[in-house]
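Subject: Structure for you to look at

Hello,

Here is the structure for you to open next to your own notes. My findings follow below it.

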Amino acid sequence: MRWLRPGLSLAAAAILAWPPLAFALPPAQDLAADARQMREQKLPMLVLYSREGCGWCERARVHHLDPMAADPATASRVLIRQIDVDRRTALADFSGKAGNHKDFARGRKIRLTPTIEVLGPDGELLAEPIVGVRLPDFYGTYIDRAVDTARDRLREKTP
């Protein structure tokens, strides 16, 4: 039985060190189709610009955006999409023009990750972008405020 203890300790340490399972944010694929849904439901879109190996991007996802995306109440507030700035994943922009994630991010002048933009159905910015993680303790508040600001601006635009 004594030989079992070191093995169990090692297994427990491995489990505790394992990264939390993340809810995958939907990758942006067809922003024109998303824009139709946004118009119908009067929703803004939160876009996370991320890159491979970005630890702060992973923290933003795991601690803030994944829980938002997994919460059914979020669906009535905002669409959430991810754009990988270092990948050429196929993407139709808001006008339906074919392109890719990398070129779309470059066109929006996204240089740092994570960056969050909250957009309207024409791709217009509806709130100040959130660049970096700033103060981690308040990051969730920054996101909520940006979404609320965007929703207010959409309501002002729509009769």
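I start with a charged residue at the surface: Glu 52 is exposed, with a relative accessibility of 56%. Please keep in mind that this is a predicted model.

Salt bridges

The partner of Glu 52 is Arg 87, and the two side chains form a salt bridge with an N to O distance of 2.5 Å. Glu 52 sits in the loop between strand S1 (45-50) and helix H3 (55-70), while Arg 87 is in the loop between strand S2 (79-84) and strand S3 (90-92), so the bridge ties together parts that are 35 residues apart in sequence. Arg 87 is partly exposed, at 37% relative accessibility.

Over the whole structure, the search gives 11 salt bridges. Another one of them pairs Arg 39 with Asp 122, where the closest N and O atoms are 2.4 Å apart. Because Arg 39 belongs to helix H2 (residues 31-41) and Asp 122 to the loop between strand S5 (115-119) and strand S6 (130-131), this pair ties together parts 83 residues apart in sequence. Arg 39 is partly exposed at 43% relative accessibility, and Asp 122 is exposed, with a relative accessible area of 56%.

Glu 124 also takes part in a salt bridge, with Lys 157, and here the closest N and O atoms are 2.6 Å apart. Glu 124 is in the loop between S5 and S6 and Lys 157 is in helix H5 (residues 139-157), so this pair links distant parts of the chain, 33 residues apart. In addition, Arg 77, Asp 144 and Asp 148 are joined into one network by salt bridges that share partners.

Nonpolar cores

In soluble globular proteins, nonpolar side chains tend to be buried together. The largest nonpolar core here has 20 residues, and those with the most contacts inside it are Leu 46, Leu 65, Met 68, Ile 116, Tyr 139 and Ile 143. S1, H3, S5 and H5 are the elements that give two or more residues to this core. H5 gives the most, with six residues.

Leaving out residues up to four places away in sequence, Met 68 touches Leu 46, Thr 74, Val 78, Ile 80 and Ile 143. Apart from the largest core lies another, of 17 residues, among them Ala 35, Val 47, Leu 79 and Leu 119.

Thr 74

Thr 74, one of the residues touched by Met 68, is found in the loop between H3 and S2. Is Thr 74 buried or exposed? Its relative accessible area is 8%, so Thr 74 is buried. The side chain of Thr 74 reaches the backbone oxygen of Met 68 at 2.6 Å. With residues up to four places away in sequence not counted, Thr 74 touches Met 68 and Ile 80.

Disulfide

How many disulfides does a search of the whole structure find? There is one, formed by Cys 54 and Cys 57, with their sulfur atoms 2.3 Å apart. The torsion about the S-S bond of Cys 54 and Cys 57 is about 80 degrees, so the disulfide is right-handed. Both cysteines, Cys 54 and Cys 57, are buried.

Regards

Methods: Residues are numbered from 1 along each chain as its sequence is written. This is a predicted model: local features need pLDDT of at least 70, side-chain atom pairs count only at pLDDT 80 or more; totals for chains, interfaces and linings use all residues. Side-chain values use heavy atoms; hydrogens and water are left out. A salt bridge is a side-chain nitrogen of Lys or Arg within 4 Å of a carboxyl oxygen of Asp or Glu. Helices (H or I, at least four residues) and strands (E, at least two) are DSSP runs, numbered from the N terminus. Buried means under 20% relative accessible area, exposed over 50%, partly exposed in between (1.4 Å probe, protein chains only). A nonpolar core is a set of buried Ala, Val, Leu, Ile, Met, Phe, Trp, Tyr and Cys residues joined through side-chain atoms within 4.5 Å. Contact means heavy atoms within 4.5 Å. A polar contact is a pair of N or O atoms within 3.5 Å; within protein, one must be able to donate a hydrogen and the other to accept it, and residues adjacent in sequence count only if both atoms are side-chain atoms. A disulfide is a pair of cysteine sulfur atoms within 2.5 Å.
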